[in-house]
Amino acid sequence: MHETDVTASKIHIFEKTKTLSWELKGGVLELALHHPPCNEIGMAMLEDLEQFVEALRAAEKDAGALIVYSLQEAGFSAGADLRELYKAAAGLTTTQRVAGVRAFLERIHSVLNAIDASPLTTIAAVHGVTFGGGFELALACDIIIADKMARFCFPELRLGLIPGFGGIPRLRRDIGNAVMRDILFTGRSINVSKAMAAGLVSQVAAEGEVLRLARATAAQVCKFDRTTSGAAKRFIKPLPHEELRREIDLFCELVARPAVMEGLRKFVENTGAHPYLP
Amino acid sequence: MRTLEQTTDELLGLAAEYFKIPREELTATDDFYKKLKIDSLRALELITRLEHHFGVELPDYEVQGVTDFRTLASRIQSRL
């Protein structure tokens with residue numbers, strides 16, 4: 001048994017917040033997202049994620065793996081809460097809007113950077129809609145295991161924006177530039193076959209089996225010495241700090257434009273059947 | 001190589017199976033949003049299943065403005 005054999009740990013912790021719950025058991029930390037309708041990331045989830053990150057850091061000596069998954073049927077996460085963003089921004093001056101957006105981005109980047117750089121091996125077990133900020137949360141993880149019906153998308157250009165939660169630097173870290181250009185410039189969603197061919201997805205699960213596969217993978221990674229795994233991870237996957245900062249700056253430049261508020265207004269007011277299609 | 005009629009017929013069969021509607025109730029000119037009672041999330045699910053079945057990629061912008069089964073089938077056909 002390794003000196004740092006976390007699987008033998010008898011530590012059991014369970015916490016539940018409004019939008020998330022997490023459990024540490026047998027050396028594996030599991031984070032469940034459960035914010036209807038589809039884990040939209042607004043202030044409530046941001047605050048809960050910040051609380052989770054404290055737990056993640058505290059769990060470093062007792063856990064070898066983190067699994068992030070969703071309890072919402074529609075999917076892993078539909079991304080940023082655009083309705084909340086529009087409502088919050090509607091009465092503000094441009095300067096106030098940009099300042100508010102920057103403050104939010106700094107905080108969500110801090111959360112995703114903590115997950116990205118965690119010494120735990122992190123696994124995103126995704127299903128259904130994995131869009132925008134949800135896609136960015138998955139990209140912060142080391143391994144993506146996807147349900148056969150999962151779809152990935154960066155729809156931000158449809159609103160005159162770019163991904164703002166670190167998606168571009170992380171996508172660039174993982175896949176070829178040509179595929180990245182396709183995904184970003186068309187704003188189209190891609191299926192698991194395409195995502196796997198691009199190198200984004202490691203394993204495909206039959207419908208309903210993604211969490212089981214993620215748990216089997218977590219059990220496997222936990223067999224190995226944690227000090228070595230952590231060192232290897234820091235070597236393989238350094239955080240692209242400079243690019244992440246530049247992404248925030250570019251996002252804030254773009255969000256200042258009136259066209260963005262107009263795009264958000266159209267999205268929010270769309271009651272048709274097609275808001276998830278371009 | 002499938003003809004468009006064959007692709008359309010196959011598509012109608014798949015939609016009936018996935019959304020548990022009797023096949024005889026679906027026709028090629030039906031509005032699939034209304035007939036299948038689906039929203040855009042479930043439309044994405046339909047697209048995903050069709051992609052897997054036909055072995056094609058069907059970019060969502062190809063489906064923009066498409067509401068009937070026959071036109072959807074023609075989008076698939078052009079990628080076979």
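Helix 11 of chain A, residues 258-269, has twelve residues and should span 16 Å at 1.5 Å a residue; its end C-alpha atoms sit 17 Å apart, which agrees. The expected span here is 1.5 Å times one less than the number of residues, and helices (H or I, at least four residues) are DSSP runs numbered from the N terminus, as are strands (E, at least two). The model is a predicted one: local features need pLDDT of at least 70 and side-chain atom pairs count only at pLDDT 80 or more, while totals for chains, interfaces and linings use all residues. Residues are numbered from 1 along each chain as its sequence is written, with chains lettered from A and ligands numbered from 1 in the order in which they are written.

In helix 11 of chain A, the residues A:Val260, A:Met261 and A:Leu264 are buried (20 or more other C-beta atoms within 10 Å of a residue's own, with 12 or fewer counting as exposed, anything in between as partly exposed, and C-beta atoms placed from the backbone). They cover an arc of only 95° around the axis, which puts them on the same side of helix 11 of chain A; the arc is taken from the directions from the helix axis to the C-beta atoms. The other side of this helix carries the exposed A:Pro258, A:Ala259, A:Glu262, A:Arg265 and A:Glu269. As for partners, the buried residues of helix 11 of chain A pack against helix 2 (82-89) and helix 10 (241-255) of chain A, where contact means C-beta atoms, placed from the backbone, within 7 Å.

Helix 10 of chain A also packs with helix 3 (residues 94-117) of chain A, at an angle of about 155° and with the axes 10 Å apart. That makes helix 3 of chain A roughly antiparallel to helix 10 of chain A (angles over 145 degrees; under 35 is roughly parallel, 65 to 115 roughly perpendicular and the rest oblique). Axes are lines fitted to C-alpha atoms, for helices over the stretch in contact, and angles run from 0 to 180 degrees between N-to-C directions. Contacts include A:Val101 and A:Leu105 among the residues of helix 3 of chain A, and A:Ile248 and A:Phe251 among those of helix 10 of chain A.

Helix 1 (residues 43-58) of chain A packs with helix 3 of chain A at about 30°, again with axes 10 Å apart. Before helix 1 of chain A, the loop from strand 3 (28-33) holds A:Pro37, and the peptide bond from A:Pro36 to A:Pro37 is cis, with omega near 0°.

Methods
Contact = placed C-beta atoms within 7 Å.
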